[in-house]
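Visitor: Got a minute to walk me through this one? I'd like to start with how the helices pack.

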Amino acid sequence: MSKAIRIYENGGPEVLKWEDFDPGQPEPGEALVRHEAVGLNYIDVYHRTGTYPLPSLPAVPGMEGAGIVEAVGKGVTEVAAGDRVAYAGLPPGAYAEERLIPAHRLVKVPDAISSEQAAAMMLQGMTARYLLRGCYDVKAGDTILLHAAAGGVGLIVCQWANHLGATVIGTAGSE
């Protein structure tokens, strides 16, 4: 039997319960993923405490993970059983050994990237992409100011912006 961390009420770390969990079989459009690594983010704490309420309780928190596709539901063409994948964002459910997720949320992971790295970088990488390509299309010759340059998002943005030919001015909270 698979295991998961579930919460039945909002609160501190003591509300996290490690227990048997059957994710079920994939429905049309879904994939069953066996996690090799999951990301831990501040939003997970906000979900646990109720600051950002989950849709319902009990719930399995966690917004980011990487692993192997075990099975796919009818009509899934994005991924196949055996593919290495990662994801970030809704729906929650990453704090589990196995979980069901809409297949369109999955990204195939290249062999050169470990599952640990993939699970830890998806949310920060999507945020970096949004900042460099969504808010403004950063290009060679641009100068950008980046606060919290030493954080997860900041490190990706600094490297990516430098690769694009931009000048990066970064701030940090300490030396």
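**Helices, sheet and odd backbone spots**

Guide: Sure. In this predicted model, the axes of helix α2 (residues 115–135) and helix α3 (residues 152–164) come within 9 Å, crossing at roughly 45°.

Visitor: So what do you call α2 and α3 relative to each other?

Guide: Oblique: angles of 65 to 115 degrees would count as roughly perpendicular and those under 35 as roughly parallel, so α2 and α3 are therefore oblique to each other.

Visitor: And is the crossing right-handed or left-handed?

Guide: The crossing of α2 and α3 is right-handed. On the α2 side the contact residues include M121, Q124, G125, A128 and L132, and among those on the α3 side are V153, I156, V157 and W160.

Visitor: How does the contact of α2 with α3 split by class?

Guide: It has ten nonpolar residues, four polar and two charged.

Visitor: OK, switching to the sheet. What's the strand order?

Guide: β6-β3-β4-β5-β7, five strands in an open sheet with antiparallel pairing. At the edges you find β6 (98–102) and β7 (107–108), each of which pairs on one side only.

Visitor: How many bridges does β4 make with β5?

Guide: Five, in the antiparallel sense, between β4 (residues 64–72) and β5 (residues 84–88). A66 has A86 in β5 as its bridge partner, while I68 stands opposite R84 in β5.

Visitor: What about β3 and β4, how many bridges there?

Guide: Seven, again antiparallel. There, A37 stands opposite A66 in β4.

Visitor: Is β4 mostly covered or mostly open?

Guide: Mostly covered, with seven of its nine residues buried.

Visitor: Which strands does α2 lie across?

Guide: α2 lies across β3 (30–38), β4, β5 and β7, and runs at about 115° to β4.

Visitor: Last topic, backbone oddities. Where are the cis peptide bonds?

Guide: One joins L57 and P58, with omega about 0°. P58 sits in the loop between α1 (42–49) and β4. A cis bond also joins L90 and P91, where omega is again about 0°, and P91 is in the loop between β5 and β6.

Visitor: What's up with phi at A148?

Guide: A148 has a positive phi of about 60° although it isn't a glycine. You'll find A148 in the loop between β8 (143–146) and α3.

Visitor: Why flag those spots at all?

Guide: Because most residues other than glycine have a negative phi, and most peptide bonds are trans.

Notes:
Residues numbered from 1 in each chain as written. Predicted model: local features only at pLDDT ≥ 70, side-chain atom pairs only at ≥ 80, totals over all residues. Heavy atoms only, no water. Axes fitted to C-alpha atoms, helices over the stretch in contact; angles between N-to-C directions. Helix = DSSP H or I, 4+ residues; strand = E, 2+ residues; numbered from the N terminus. Parallel < 35°, antiparallel > 145°, perpendicular 65-115°, else oblique. Left-handed = near helix turned anticlockwise from the far one by under 90°. Contact = heavy atoms within 4.5 Å. Nonpolar A, V, L, I, M, F, W, Y, C, P; charged D, E, K, R; others polar. Pairing = 2+ DSSP bridges. Buried < 20%, exposed > 50% of the residue type's maximum accessible area, 1.4 Å probe, protein only.
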